[in-house]
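Here's a set of short exercises to help you find your way around a new structure. Have a go at each task before you read the steps below it.

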Amino acid sequence: MKTNDVIFQTATKVIVFIIILYSLHLFFSGHYTPGGGFIGGLMTAGALVLLLLAFDIKTVVNTLPLDYIKLTATGLLIAVLTGIGSFFFKVPFLTHTFSYVELPFLGETALATAVLFDLGVYLVVIGVTMTIIQTIGETE
Amino acid sequence: MIEISKFIVGYLILQGAILSLIAAIGVIRLPDVYTRNHAASKSATLGVISILLGLFLQYILIDHHANSRVLLGIIFVFVTAPVAGHLISRAAYNTGVPLWNKSVQDDLAKVRSKQKSR
């Protein structure tokens with residue numbers, strides 16, 4: 001029987017943006033308040049799973065053509081590169097630093113290199129979660 | 001000002017708690033899936049929204065900082081909870097869960113029998 005998903009799909013179109021916005025907020029607020037790369041990545045993956053529930057796999061892959069295995073590899077590469085970057089300043093592996101920078105709209109902002117490591121964690125978490133869910137969803 | 005704020009916040013949170021309790025009683029007492037779903041999705045949504053609104057007013061009037069995440073939570077619950085109730089109810093109807101035996105109207109049954117005869 002053909003089902004009619006108009007209500008679910010319309011609500012998903014609105015809600016996905018709220019979830020992704022909130023996951024980015026969690027990702028960037030991880031240094032001073034609860035949050036960080038892991039929970040932000042899980043929440044972004046949750047938004048993508050909601051898309052997969054409301055629409056079929058083909059539509060989601062067409063709208064968002066991401067290779068999640070490559071995304072995982074990119075995240076791991078970023079995390080390792082932030083560790084290797086500390087060698088150029090004659091400090092031990094994975095030494096992180098921060099400084100205060102004047103940004104055009106935000107004013108004085110503390111930029112830490114730990115955010116780059118967190119970006120690696122974020123990408124790995126999205127990649128692994130979506131790989132697991134898509135592989136389970138595709139096998140008959 | 002603080003006293004009035006505390007009164008309003010206390011009233012909103014108490015109202016939310018009582019509405020959630022009414023929703024729970026409705027889930028226990030009502031006869032079939034659809035009426036239970038009606039009680040749970042409507043009453044509990046308004047209850048949670050009342051509690052979150054009380055929390056938001058507590059933050060902004062007494063602690064003096066605006067917490068936009070609570071507002072976002074109100075919008076989120078307001079949009080998603082009725083959709084969830086609709087999906088659960090529809091899944092129940094499509095899998096053939098019977099209506100309460102004193103129900104008088106079932107408009108979907110005609111459409112369903114037409115689709116089956118095709």
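What follows is a handful of exercises, each with a worked solution.

Before you start: this is a predicted model, in which local features need pLDDT of at least 70 and side-chain atom pairs count only at pLDDT 80 or more, while totals for chains, interfaces and linings use all residues. Residues are numbered from 1 along each chain as its sequence is written, chains are lettered from A and ligands numbered from 1 in the order in which they are written, and side-chain values use heavy atoms, with hydrogens and water left out.

**Exercise 1. The build of chain B**

Work out which elements chain B has and how its radius of gyration sits against the value for a compact globule of 118 residues.

Step 1: Look for the elements. Chain B has four helices and zero strands; helices are DSSP runs of H or I with at least four residues, strands are E runs of at least two, and both are numbered from the N terminus.

Step 2: Check the radius of gyration, taken over C-alpha atoms, with the globule rule being 2.2 Å times the number of residues to the power 0.38. A compact globule of 118 residues would come out near 13 Å, but chain B has 19 Å.

Step 3: Draw a box along the principal axes. The C-alpha atoms of chain B fill roughly 65 × 30 × 15 Å.

Step 4: Ask how much is hidden. Buried residues make up 23% of chain B's 118 residues, where buried means under 20% relative accessible area, exposed over 50% and partly exposed in between (1.4 Å probe, protein chains only).

**Exercise 2. Two residues of chain B**

Find out whether B:Val83 is buried or exposed, then do likewise for B:Pro98.

Step 1: Place B:Val83. This residue lies in helix α3 of chain B.

Step 2: B:Val83 counts as buried because its relative accessible area is 12%.

Step 3: See what it touches, with contact meaning heavy atoms within 4.5 Å. Leaving aside neighbours within four places in sequence, B:Val83 is in contact with A:Ile7, A:Phe8 and A:Ala11.

Step 4: Turn to B:Pro98, in the loop between α3 (68–94) and α4 (107–117) of chain B. B:Pro98 is classed as exposed because its relative accessibility is 58%.

Step 5: Look for its partners. Beyond four places in sequence, B:Pro98 is in contact with B:Asp32 and B:Tyr34. B:Tyr34 is 64 residues away in sequence, yet the C-alpha atoms of the pair are 9.4 Å apart.

**Exercise 3. Helix α5 of chain A and the core**

Which elements do the buried residues of α5(A) pack against?

Step 1: Trace the helix. α5 of chain A covers residues 114–138, 25 residues in all, and reaches 36 Å from first C-alpha to last, close to the 36 Å expected; the expected span is 1.5 Å times one less than the number of residues.

Step 2: Pick out its buried residues, among them A:Leu123, A:Ile126 and A:Met130.

Step 3: Follow them outward. The buried residues of α5(A) pack against α1 (6–28), α2 (37–54), α3 (57–63) and α4 (68–85) of chain A.

Step 4: Zoom in on A:Ile126. Leaving aside neighbours within four places, A:Ile126 is in contact with A:Gly41, A:Thr44, A:Leu48, A:Tyr68 and A:Leu71.

Step 5: Find the largest nonpolar core; a nonpolar core is a set of buried Ala, Val, Leu, Ile, Met, Phe, Trp, Tyr and Cys residues joined through side-chain atoms within 4.5 Å. Of its 22 residues, A:Leu50, A:Tyr68, A:Ile126 and A:Met130 touch the most other members. The largest share of this core, seven residues, is supplied by α1(A).

**Exercise 4. The loop between α4 and β1**

Why does A:Ser86 count as buried?

Step 1: Locate it in the loop between α4 and β1 (98–103) of chain A. A:Ser86 counts as buried because its relative accessible area is 4%.

Step 2: Check its surroundings. A polar atom of the A:Ser86 side chain lies 2.6 Å from the backbone oxygen of A:Gly83. Not counting residues up to four places away, A:Ser86 touches A:Val91, A:Pro92, A:Phe93, A:Leu94 and A:Thr95.

Step 3: Compare A:Lys90, also in the loop between α4 and β1. A:Lys90 is exposed, with a relative accessible area of 80%, and its phi is near 60°, a positive value in a residue other than glycine.

Step 4: Finish with A:Leu94, whose phi is near 65°. At 35% relative accessibility, A:Leu94 is partly exposed.

Notes. A polar contact is a pair of N or O atoms within 3.5 Å; within protein, one must be able to donate a hydrogen and the other to accept it, and residues adjacent in sequence count only if both atoms are side-chain atoms.
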